[in-house]
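Q: I have a structure to get through today and would like to talk it over piece by piece. Could we start with what the labels stand for?

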Amino acid sequence: GVIFYSLRVPAVKEGETAAIVRLQAEARLPLPLDQMELAWRSQHVGDGQMMVTVAAAKREQLHRFVDEARVFRPKQILLDSEGIVKVWRSLFSGDDEPAVVISARQRSTRVCLSGDGRLVNAVSLDTGTEDFSGPRRVEAGDRFVQDMRSVLELFGYTDPGAVRVIVLSDGGRVLKQMVSSLRSSGLNA
């Protein structure tokens with residue numbers, strides 16, 4: 001339920017940046033600003049410019065989710081992809097070097113680009129562990145590799161071996177097959 005926008009804005013004081021981000025985001029949002037919640041993160045890129053990633057979601061949906069989660073008394077609520085990067089860093093000894101972190105589910109796979117210990121970009125693929133355990137697992141492997149090459153290109157990596165690809169795993173056979181497919185195609189998995 002979250003949409004992301006990348007904006008290039010002038011490097012100004014924080015209060016001014018917030019106003020610029022809200023103004024630019026408002027022009028792109030599918031709903032009026034009073035119905036949306038915004039969060040943003042900036043990164044200085046030089047020449048007086050900053051890249052800003054804006055996350056926007058329907059206010060009503062967020063409030064409903066927080067109300068439902070309140071029973072668990074969470075310390076913090078993160079976006080799914082940010083949680084994947086955080087888990088990789090804290091439970092799997094992830095570092096600050098660029099890496100693509102993959103979390104495979106039954107019917108989908110989340111692919112997260114991590115840099116400097118933070119989520120940089122994320123993509124969701126329709127291929128999941130279920131595809132690798134059926135009779136068409138070879139085709140699923142080929143499709144998965146093709147999708148991963150496209151994702152790496154989207155993330156700015158034209159050389160598929162130039163970035164580490166980490167598959168979060170419980171050590172199961174299906175996840176090993178996924179890693180094997182990636183390795184056999186030249187990815188650094």
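A: Helices and strands here are DSSP runs, numbered from the N terminus, where a helix has at least four residues and a strand at least two. Please also keep in mind that this is a predicted model.

Q: OK, so how many helices and strands does the protein have?
A: The protein has six helices and seven strands, and from the N terminus on they follow the order β-α-β-β-α-α-β-β-β-α-α-β-α.

Q: And what does the C-alpha trace span?
A: Along its principal axes the C-alpha trace spans about 55 × 45 × 30 Å. Of the 189 residues of the protein, 35% count as buried, and if you look at the contacts with a separation of 6 or more, 51% of them come from residues 24 or more positions apart.

Q: Let's pick a helix, say H3. What span should it have?
A: H3 has 12 residues, and at 1.5 Å a residue these should span 16 Å, which agrees with its end C-alpha atoms being 16 Å apart.

Q: Which residues of H3 are buried, and what covers them?
A: The buried ones are Ser81, Gly83, Ile84, Val85 and Trp88, and what covers them includes the strands E4, E5, E6 and E7.

Q: What comes just after H3?
A: Just after H3 you find Ser93, which takes a positive phi of about 55°.

Q: Which residue in the loop between H2 and H3 has a positive phi?
A: That is Arg73, which sits in the loop between H2 and H3 and has a phi near 50°, a positive value in a residue other than glycine. Its relative accessibility is 75%, so Arg73 counts as exposed, given that exposed means over 50%.

Q: And what about Asp116, buried or exposed?
A: Asp116 counts as exposed, at 62% relative accessibility. You find Asp116 in the loop between E5 and E6, and its phi is near 55°, again a positive value in a residue other than glycine.

Q: New topic: which residues does Val123 touch?
A: Leaving aside its neighbours within four places in sequence, Val123 is in contact with Thr109, Arg110, Val111, Val151, Leu154 and Phe155. Val123 itself belongs to strand E6 and is buried, with a relative accessible area of 18%, where the cut-off for buried is under 20%.

Q: How does H6 look, and which of its residues are buried?
A: The buried residues of H6 are Val174, Leu175, Met178, Val179, Ser181 and Leu182. Seen down the helix axis, these buried residues fall within an arc of 155°, so they line one face of H6. On the other side of H6, the residues Arg173, Lys176, Arg183 and Ser184 are exposed.

Q: What covers the buried residues of H6?
A: The cover includes strands E4, E5 and E7 together with the helices H4 and H5.

Q: H4 and H5 again! How many aromatic pairs are there in the whole structure?
A: A search of the whole structure finds one aromatic pair. Phe132 and Phe144 have ring centres 5.6 Å apart and planes at 90°, so the pair is edge-to-face. Phe132 lies in H4 and Phe144 in H5, so the pair ties together parts that are 12 residues apart in sequence.

Q: Are Phe132 and Phe144 buried or exposed?
A: Both Phe132 and Phe144 are buried.

Q: Last thing, what is the volume of the largest pocket, and how many residues line it?
A: The largest pocket has a volume of about 1400 Å³ and is lined by 40 residues, of which Phe4, Ala55, Leu79, Glu82 and Leu119 lie nearest its centre. The elements that give two or more residues to its lining are the strands E1, E2, E3, E5 and E6 and the helices H2 and H3.

Q: Which element gives the most to that lining?
A: That is E3, which gives eight residues to the lining of the largest pocket.

Methods:
Residues numbered from 1 in each chain as written. Predicted model: local features only at pLDDT ≥ 70, side-chain atom pairs only at ≥ 80, totals over all residues. Heavy atoms only, no water. Phe/Tyr/Trp six-rings, centres within 6.5 Å; stacked < 30°, edge-to-face > 60°. Buried < 20%, exposed > 50% of the residue type's maximum accessible area, 1.4 Å probe, protein only. Arc of directions from axis to C-beta. Contact = heavy atoms within 4.5 Å. 1 Å grid on protein atoms, 1.4 Å probe; cavity = no way out; pocket = protein on both sides within 12 Å on 5 of 7 lines; lining within 4 Å. Points joined across faces, edges and corners; volume = space filled by probe spheres on them. Expected span 1.5 Å × (residues − 1).
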